[in-house]
Amino acid sequence: MTGRPIRHNWRGKSHVKTARSELPTVTVFALGGTIASTKSSQSEGGVTPQLGAAELIAAVPQLDEIAQLTAETFRQTPSGDLSFQDIVALAAAIEKAREDGASGTVVTQGTDTIEETSFALDLLLPPGRPVVVTGAMRNPTLAGADGPANLLSAVQVASSQAAAGLGVLVVLNDEIHTARFVRKTHTSSPATFRSITAGPIGWVTEGQVRVALAPTGPTPTLVVPQGKPPAVALLTMSLSCDSRLIDSLENLGYQGLVVEGFGGGHVPAQLVPALERLAARLPVVLASRTGSGETLQQTYGFPGSERDLLARGLIAAGFLDGLKARILLTFLLAEKRDVTTIRETFDNFNGRQPE
């Protein structure tokens with residue numbers, strides 16, 4: 001056979017090799033985390049975030065065949081040290097990259113808070129050109145480090161038109177997840193990220209991006225002001241817990257509470273009066289500590305059940321777990337939303353019609 005060489009590109013179609021100037025443009029924002037962690041020459045201890053965006057890209061030469069990349073080291077920190085202010089600033093930087101013509105954006109960071117930061121970005125960014133968050137479970141000093149493979153898949157997804165309009169995505173272990181459902185479920189496994197309630201929406205195989213499912217209903221796009229946001233507490237129910245923390249929240253300066261209840265959204269009966277008092281003054285959102293499924297609304301009727309709590313003014317989180325419900329409530333409070341509007345936003349997000 002003679003003629004010009006044929007290969008498969010990132011969309012999985014046979015084509016003549018694309019000129020570099022015709023490749024999509026992708027901006028990579030690096031925030032630190034395990035994917036960027038290595039040992040310091042001055043330290044004999046564990047690894048710390050030290051590699052910047054350009055170094056992460058240089059470790060994956062295959063990226064040159066996929067996109068024209070712009071590298072920005074936005075932060076260099078463990079992901080547990082990221083703040084709401086960092087994510088608001090990152091959202092603004094991503095929007096600026098979009099305005100400058102970027103076809104897609106990739107964010108690399110530590111995995112500890114990906115399920116929160118990706119959802120926060122999903123609330124702050126309008127749907128459009130792909131935004132993909134990725135990281136690594138094995139740092140570059142270990143055999144089988146997964147950072148390069150995850151970065152490669154993330155850029156492939158961010159370069160794909162199939163990912164446009166789907167909101168912020170999380171890509172690790174060749175799986176594509178939506179920010180609203182993904183959770184970290186294991187302390188060390190490369191397969192730690194799962195969307196237990198809905199499953200992944202797609203995958204990457206041999207450089208081909210497969211999106212098999214699309215999320216229904218738009219995520220609300222919020223405009224969160226700069227500065228420190230209102231404080232929202234997250235309280236997980238446990239056997240025989242009491243109301244002392246609930247009674248103290250308002251005096252400690254908290255402006256809202258998310259309760260992770262048992263099962264479908266239940267608490268010990270002895271906590272009901274304290275929660276009712278607090279819900280009369282602050283928004284209190286009821287989620288489940290199980291991490292999957294959604295908050296019930298009409299099944300159980302005992303004191304402390306979901307029917308009882310919702311009748312006393314608590315707000316159903318629906319399919320949002322406690323971590324994500326806290327982010328949504330924080331941003332709504334930052335926008336100065338009242339309790340009625342907050343309740344409507346949670347209902348609309350979950351596709352529930354007002355009764």
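Let's start in the middle: the largest nonpolar core of this predicted model holds 51 residues, and Phe29, Leu121, Phe331 and Phe346 are the ones with the most contacts inside it. Seven elements are worth picking out here, since each of α2 (84-99), α3 (114-124), β8 (131-134), β9 (168-172), β17 (284-288), α8 (322-334) and α9 (339-349) gives two or more residues to this core. Apart from that core there's another one, made of 29 residues, with Val26, Ala53, Leu151 and Ala154 among them. As background, nonpolar side chains in soluble globular proteins tend to be buried together.

Now zoom in on Phe29. Once you skip its neighbours within four places in sequence, its contacts include Glu72 and Phe74. Leu90, Ala93, Ile94 and Ala97 also touch Phe29, and so does the run Thr105, Val106, Val107 and Thr108.

How does that fit the chain as a whole? Of the contacts between residues at least 6 apart in sequence, 72% join residues at least 24 apart. The secondary structure comes to nine helices and 18 strands, and buried residues account for 51% of the 355 in the chain.

On overall dimensions, the C-alpha atoms fill a box of roughly 80 × 50 × 35 Å along the principal axes. The radius of gyration is 22 Å, which agrees with the value near 20 Å for a compact globule of 355 residues.

Finally, the outside. The chain exposes about 16,300 Å², with carbon and sulfur atoms supplying 49% of that area. As for charge, there are 30 positive and 33 negative ones, and their mean positions sit 3 Å apart.

Technical notes:
Residues are numbered from 1 along each chain as its sequence is written. This is a predicted model: local features need pLDDT of at least 70, side-chain atom pairs count only at pLDDT 80 or more; totals for chains, interfaces and linings use all residues. Side-chain values use heavy atoms; hydrogens and water are left out. Helices (H or I, at least four residues) and strands (E, at least two) are DSSP runs, numbered from the N terminus. The radius of gyration is taken over C-alpha atoms; the globule rule is 2.2 Å times the number of residues to the power 0.38. Buried means under 20% relative accessible area, exposed over 50%, partly exposed in between (1.4 Å probe, protein chains only). Contact means heavy atoms within 4.5 Å. Accessible areas come from the Shrake-Rupley method with a 1.4 Å probe; for residues, only the protein chains shown count as cover. Lys and Arg count as positive and Asp and Glu as negative; His and the chain ends are not counted. The place of a charge is taken as NZ of Lys, CZ of Arg, CG of Asp or CD of Glu. A nonpolar core is a set of buried Ala, Val, Leu, Ile, Met, Phe, Trp, Tyr and Cys residues joined through side-chain atoms within 4.5 Å.
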